[in-house]
Amino acid sequence: MSHDPAAQAMRLDKLLFALRLAKSRSLAQRWIADGHMRRNGARVLRIDQPVCPGDTLTLPMPDRGPSARAAPVLVIEILSLPLRRGPATEARMHYRAVGAALTGADHSP
């Protein structure tokens, strides 16, 4: 039986939506298109960039004004790929914060 690495990858836009980091796939695609995300230190240039467990994503968080307490950048390690967009508690089981952590429940751009 051959090992297919593509079977263990997910498009970045789908992943951001499934992990509840973006409210919709179209918002995830616009967020990626802004050109400030990184996967394993390399700038993401495509919205369909494949992401695998073990990858590290650096996500610029939207400006929420001077009173916001959220970190300007979220760095996460992908632990596993979700099969669906489930509840927030289920989504958080698929990644862990590596760098600065966000506060609050809404991480969407």
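Which residues does Leu-16 touch, not counting residues up to four places away in sequence? Select Leu-16 and look around: Leu-21, Ala-22, Ala-28, Trp-31, Ile-32, Met-37 and Leu-59 are there, with contact meaning heavy atoms within 4.5 Å.

Before moving on, a word about what's on screen. This is a predicted model, where local features need pLDDT of at least 70 and side-chain atom pairs count only at pLDDT 80 or more, while totals for chains, interfaces and linings use all residues. Residues are numbered from 1 along each chain as its sequence is written, and side-chain values use heavy atoms, leaving out hydrogens and water.

Next, add Leu-21, Leu-59 and Ile-78 to Leu-16: within the largest nonpolar core, which has 21 residues, these four touch the most other members. Such a core is a set of buried Ala, Val, Leu, Ile, Met, Phe, Trp, Tyr and Cys residues joined through side-chain atoms within 4.5 Å; buried means under 20% relative accessible area (1.4 Å probe, protein chains only). Helix 1 (12–18), helix 2 (25–33), strand 5 and strand 6 (73–78) each give two or more residues to this core. Helices (H or I, at least four residues) and strands (E, at least two) are DSSP runs, numbered from the N terminus.

Now pick strand 5, residues 56–60. Leu-57 and Leu-59 point to one face and are buried, whereas Thr-56, Thr-58 and Pro-60 point to the other and are not.

Stay on Thr-58: its bridge partner is Arg-38 on one strand, and Val-75 stands opposite in strand 6. Strands 5 and 6 pair antiparallel over five bridges; pairing takes at least two DSSP bridges.

Finally, zoom out to the open sheet: five strands, order 3-2-5-6-7, antiparallel pairing.

Terms used:
Buried means under 20% relative accessible area, exposed over 50%, partly exposed in between (1.4 Å probe, protein chains only).
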